[in-house]
Amino acid sequence: MIARLVAVAAGVWLMFAPAVLGYEGAAETNDRIFGPIGAALAFVAIWQVVRAVRWGTLPVGIWLVAAPLVLGYDHTEAIISSIIAGLVMATSTFFGTQVTGSFGGGWRSVFPSRWKRVGPRPAGAGRRARNGVR
């Protein structure tokens, strides 16, 4: 959970970084787009039942590390901010992945009455036939 919260903080930082550090252009636009996306993915992945969502922060983090080179950032502060936030998001994917509970139940847990069997089971239902003949 702590790894997810750190990734959320990195995403929130990216939302505020252009105003705090005073940069604009492609760096500002990129941070204002990918900051909320990374923060949202990390925030959702806090809960164990949707822990697999954490894998969404990996491509966001990789992009944030590559963006200064690809987009040609002009400000050193923007480059450092993007790379650090990207590394935090990418590496947080691999920490705190243990799920302690069992979740699920399939569609029967959502619509239990729909698949409820009514009455006795017909003779031979669910049994394997010998030689392909029932």
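This section describes the nonpolar cores, a surface patch, selected contacts and the paired side chains of a predicted model.

The largest nonpolar core consists of nine residues, namely Ala7, Val8, Ala10, Leu14, Ala42, Val60, Leu64, Ala85 and Met89. At least two residues of this core are supplied by each of helix 1 (2-21), helix 3 (57-71) and helix 4 (76-92). Helix 1 accounts for the largest share, with four residues. A second core lies apart from this one; it has six residues, including Ala27, Ala67, Tyr73 and Ala78. In soluble globular proteins, nonpolar side chains tend to be buried together.

Contacts of single residues add detail to this picture. With neighbours within four places in sequence left aside, Ala10 is in contact with Ala85, Val88 and Met89. Two of these partners, Ala85 and Met89, are listed with Ala10 in the largest core. Ser92 has its place in helix 4. The relative accessible area of Ser92 is 5%, so this residue is buried, the limit for that class being under 20%. Outside its neighbours within four places in sequence, Ser92 is in contact with Ala3, Arg4, Ala7 and Thr57. Among these partners, Ala7 belongs to the largest nonpolar core.

Arg4 is also a contact of Gly96, as is Arg51, when neighbours within four places in sequence are left aside. Gly96 is located in the loop between helix 4 and helix 5 (107-110). Gly96 counts as partly exposed because its relative accessibility is 42%, and the partly exposed class runs between 20% and 50%. Gly96 and Met1 are 95 residues apart along the chain, yet their C-alpha atoms are separated by 6.2 Å.

Nonpolar side chains also appear at the surface. Val12, Trp13, Phe16, Val20 and Leu21 make a nonpolar surface patch of about 440 Å². One of these residues, Val12, is found in helix 1. The relative accessibility of Val12 is 31%, and the residue therefore counts as partly exposed.

The structure holds one salt bridge. In this bridge the side chains of Arg32 and Glu28 meet, with an N to O distance of 3.6 Å. Both residues lie in helix 2 (residues 26-44); because they are four residues apart there, about one helical turn separates them. Arg32 counts as partly exposed, at 40% relative accessibility. Glu28 is likewise partly exposed, at 26% relative accessibility.

Three aromatic pairs are present in the structure. A pair of aromatic rings is described by the distance of the centres and the angle of the planes. Phe34 and Trp63 form a tilted pair, with 6.1 Å from centre to centre and 50 degrees between the planes. Phe34 lies in helix 2 and Trp63 in helix 3, so this pair ties together parts that are 29 residues apart in sequence. Phe34 is partly exposed, with a relative accessible area of 23%, and Trp63 is partly exposed as well, with a relative accessible area of 25%. Another of the pairs, formed by Phe43 and Trp47, is edge-to-face, with 5.2 Å from centre to centre and 80 degrees between the planes. The angle places the pair in this class because planes over 60 degrees apart count as edge-to-face. Phe43 counts as partly exposed at 44% relative accessibility, and Trp47 counts as partly exposed at 47%.

Notes: Residues are numbered from 1 along each chain as its sequence is written. This is a predicted model: local features need pLDDT of at least 70, side-chain atom pairs count only at pLDDT 80 or more; totals for chains, interfaces and linings use all residues. Side-chain values use heavy atoms; hydrogens and water are left out. A nonpolar core is a set of buried Ala, Val, Leu, Ile, Met, Phe, Trp, Tyr and Cys residues joined through side-chain atoms within 4.5 Å. Buried means under 20% relative accessible area, exposed over 50%, partly exposed in between (1.4 Å probe, protein chains only). Contact means heavy atoms within 4.5 Å. Patches are made of residues with over 30% relative accessible area and no salt bridge: like charges are joined within 9 Å, nonpolar side chains (Val, Leu, Ile, Met, Phe, Trp, Tyr) within 5 Å. Accessible areas come from the Shrake-Rupley method with a 1.4 Å probe; for residues, only the protein chains shown count as cover. A salt bridge is a side-chain nitrogen of Lys or Arg within 4 Å of a carboxyl oxygen of Asp or Glu. Rings of Phe, Tyr and Trp (its six-membered ring) pair if their centres lie within 6.5 Å; planes under 30 degrees apart count as stacked, over 60 as edge-to-face and the rest as tilted.
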